[in-house]
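Me: I've got this model open on my screen and would like to walk through it with you. Can you take my questions in turn?

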Amino acid sequence: MDTTYDVAIVGYGPVGQLLATLLGQRGYQVVVIERYPDIYPMPRAVHFDHEIGRILQAVDIRADTNPIIEPYDDWYEWKNAERETLLKVDWRGVGPSWWHTSNFFAQPDLERELDARARQQPTVSLRRGLTAVAVEQDGNGVTLTTETMTGAEPQAETVRARYLVGCDGANSTVRTLLGLPVTDLGFFFDWLILDMIPNEPMTFDPPAWQLCDPKRPTTIVPGGPGRRRWEFMALPGEDVNDLNKAETAWEFLQPWGLTPDNAVLERHTVYRFQAHWVDRWRSGRVLIAGDAAHLMPPFAGQGMGAGLRDVFNLVWKLDLVLRGTVGEQLLDTYGPERSPHVRHFIDVSIGLGRVICVPGLEEATARDAELMAAIADPSLAPAAPPPPRLGPGVLAEGDPQAGLLSIQSRVSYQGVEGLFDDVVGRGWFVLTTATAELALPADAQEVLDRLTGTVLRVGAPGTDSTDLGDLGDLDGRYEEWFAALGKDTVIVRPDFYVYAAIDSTKLAHALLELKSHLRTDRILQA
Ligand SMILES: Cc1cc2nc3c(=O)[nH]c(=O)nc-3n(C[C@H](O)[C@H](O)[C@H](O)COP(=O)(O)OP(=O)(O)OC[C@H]3O[C@@H](n4cnc5c(N)ncnc54)[C@H](O)[C@@H]3O)c2cc1C
């Protein structure tokens, strides 16, 4: 144990892979401990949204050109046994982050892409075939004990790191070892999951839908290029072992026109869909992320996305702490910020689950009547939930825009045109449409300098002529966004969330408040 890594990561699913890559991009020494020798092949995530598209852009996985990803541009419909519409979710077009609102892929393919990115990082060491079994921490770091079964006896080994992140999935060893309490909503159903490769053209209208038939609730969605996904709910009293068989799969697929002659059953498994989250995401130098911290049923296609958002929230904070710019208390904001955001998606997923996970005829009839009445008369429909928002943390107090997602669009910058992140980069930004010069006092400027933040004036293309490092708003989307915010200046965090939307005259004040939120006082004043 002669190397002290900056960060040890337990678990190399998509969440651990992204975290390793982003830390590697920043030059940190990272060790990843993964018990399996290879990518987990089972059918899991198939869907991500525009925000995840922007996160994947950061590791050069581009949803519009990468052959493993199929952008979606249609409705996501929920129908009853008679094929009448109960619910329609609009998954058409692009979202605020510029990428499609909805994208389909196969998780093992995405994991291979992420794995390739992590392996390109010279400072990332991947240790497969090791199982994390114990964690101890002191004032300087964490000691992780791992075991491997190379011979008859398990071989123990330790690694030492300044911080450890448990990305070790639903049955997280790290979470258990730390004794982090979990709140469980007790919502669980078993489903048979099938990844199918049709070997002849097949059309589905709509391409993504849910059949809410109490005789066999069924999910029918794309599974990424060349694939289709079917999911069949286990009925009360059914044995999941009987369900998880190829012959059962073919029997269930028969009404859908799939047979061994025209399709390949690539993978099948049974999962128990659950809904829970941890009450604490950090214990000293150890944090958890992804399924280790939260689980939700997959009906909104957001479980993995929540884990990738965890990483994007955590990585800039770890970066500031590891660089010594900010005290380690900043890490206390990670769980409180992420928790309500994750709860939003858990609640949405459970709401959708309550529509489909209905195996009783009477309950299904009542559900149909209620949802169809709401379609006929939208005033009977429940109000749409507000957009997901980060919880309390590094956010301007009392600002209604703080904690909401910012936007990305096409810009011109220093003579180059493209998406904001591609041509400007990532980090802290002050975006402003104010035309008056933003003269910042030295103490406010110092906050920006320490965060390597950039002030950019946003205007119509061709207006980039001042010394503020200007940005041409090629599609007018920034102009629309500022109009909707009703402010001329926005401070955006490295994870794309709004710190504050303000009048430019309040910028200095907002930056000084940001300094206290970052708990930077100790170091910035040193
Ligand atoms: C049927 C289904 C459909 C889904 N659909 C979607 C969807 O459409 N969209 C979406 O966003 N999400 C979806 N999800 C959720 C998504 O699959 C998970 O959220 C995602 O895999 C979580 O990633 P993770 O890296 O946190 O955990 P995992 O992918 O579970 O990775 C954890 C890793 O940790 C390793 N590990 C565990 N314990 C140890 C240990 N002690 N030592 C070393 N290694 C260890 C494991 O081997 C594993 O490789 C779906 C899930 C299911 C089951």
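**A walk through the model**

Reply: Sure, and let's start with R282, which sits in strand 19 (residues 282–283); helices (H or I, at least four residues) and strands (E, at least two) are DSSP runs, numbered from the N terminus. Bear in mind that this is a predicted model, where local features need pLDDT of at least 70, side-chain atom pairs count only at pLDDT 80 or more, and totals for chains, interfaces and linings use all residues. Residues are numbered from 1 along each chain as its sequence is written, and side-chain values use heavy atoms, with hydrogens and water left out.

Me: Is R282 buried or exposed?

Reply: The cut-offs are under 20% relative accessible area for buried, over 50% for exposed, and partly exposed in between (1.4 Å probe, protein chains only). R282 has a relative accessible area of 15%, so it is buried.

Me: Which side chain makes a polar contact with R282?

Reply: A polar contact is a pair of N or O atoms within 3.5 Å; within protein, one must be able to donate a hydrogen and the other to accept it, and residues adjacent in sequence count only if both atoms are side-chain atoms. R282 is in contact (heavy atoms within 4.5 Å) with residues including L180, L287 and E328, leaving aside neighbours within four places in sequence. The polar contact spans 3.1 Å, and the partner side chain is that of E328.

Me: Which helix gives the most to the largest nonpolar core?

Reply: A nonpolar core is a set of buried Ala, Val, Leu, Ile, Met, Phe, Trp, Tyr and Cys residues joined through side-chain atoms within 4.5 Å. The largest one here has 125 residues, and I9, W428, I491, L514 and L518 touch the most other members. The most for this core, 12 residues, comes from helix 7 (residues 303–323).

Me: On to the ligand. How many residues surround the ligand?

Reply: A residue counts as near a molecule if one of its heavy atoms lies within 4 Å of it. The closest are E34, R44, Q107, T173 and D291, and the residues around the ligand come to 34.

Me: How much of the ligand does the protein bury?

Reply: Some polar atoms first: a side-chain N or O of E34 is 2.6 Å from a ligand oxygen, and a polar side-chain atom of D291 lies 2.7 Å from a ligand oxygen. The side chain of T173 puts an N or O atom 2.8 Å from a nitrogen of the ligand. Taken alone, the ligand exposes 1000 Å² (Shrake-Rupley method, 1.4 Å probe), and the share buried by the protein is 93%.

Me: Which helix supplies the largest share of the shell around the ligand?

Reply: By type, the shell divides into 16 nonpolar, 12 polar and six charged residues; Ala, Val, Leu, Ile, Met, Phe, Trp, Tyr, Cys and Pro count as nonpolar, Asp, Glu, Lys and Arg as charged, and the others, Gly among them, as polar. Elements that each supply at least two residues include helix 1 (14–25), strand 2 (30–34) and strand 17 (263–273). The largest share, three residues, comes from helix 7.

Me: Now the backbone oddities. Which peptide bond is cis, with omega near -5°?

Reply: Most peptide bonds are trans. P206 lies in the loop between strand 13 (189–198) and strand 14 (208–212). The cis bond, with omega near -5°, runs from D205 to P206.

Me: What is the phi of F496?

Reply: Most residues other than glycine have a negative phi. F496 is in the loop between strand 27 (489–492) and strand 28 (498–502), and counts as buried because its relative accessible area is 3%. Its phi is positive, near 80°.

Me: And R83, what is its phi?

Reply: R83 is in the loop between strand 5 (74–80) and strand 6 (85–91). With a relative accessible area of 44%, R83 is partly exposed. R83 is not a glycine, yet its phi is positive, at about 70°.

Me: Last one: how far apart in space are N140 and R162, C-alpha to C-alpha?

Reply: N140 is in the loop between strand 9 and strand 10 (142–148), and counts as exposed because its relative accessibility is 61%. Leaving aside neighbours within four places in sequence, N140 is in contact with R160, R162 and R285. N140 and R162 are 22 residues apart in sequence, and their C-alpha to C-alpha distance is 6.4 Å.
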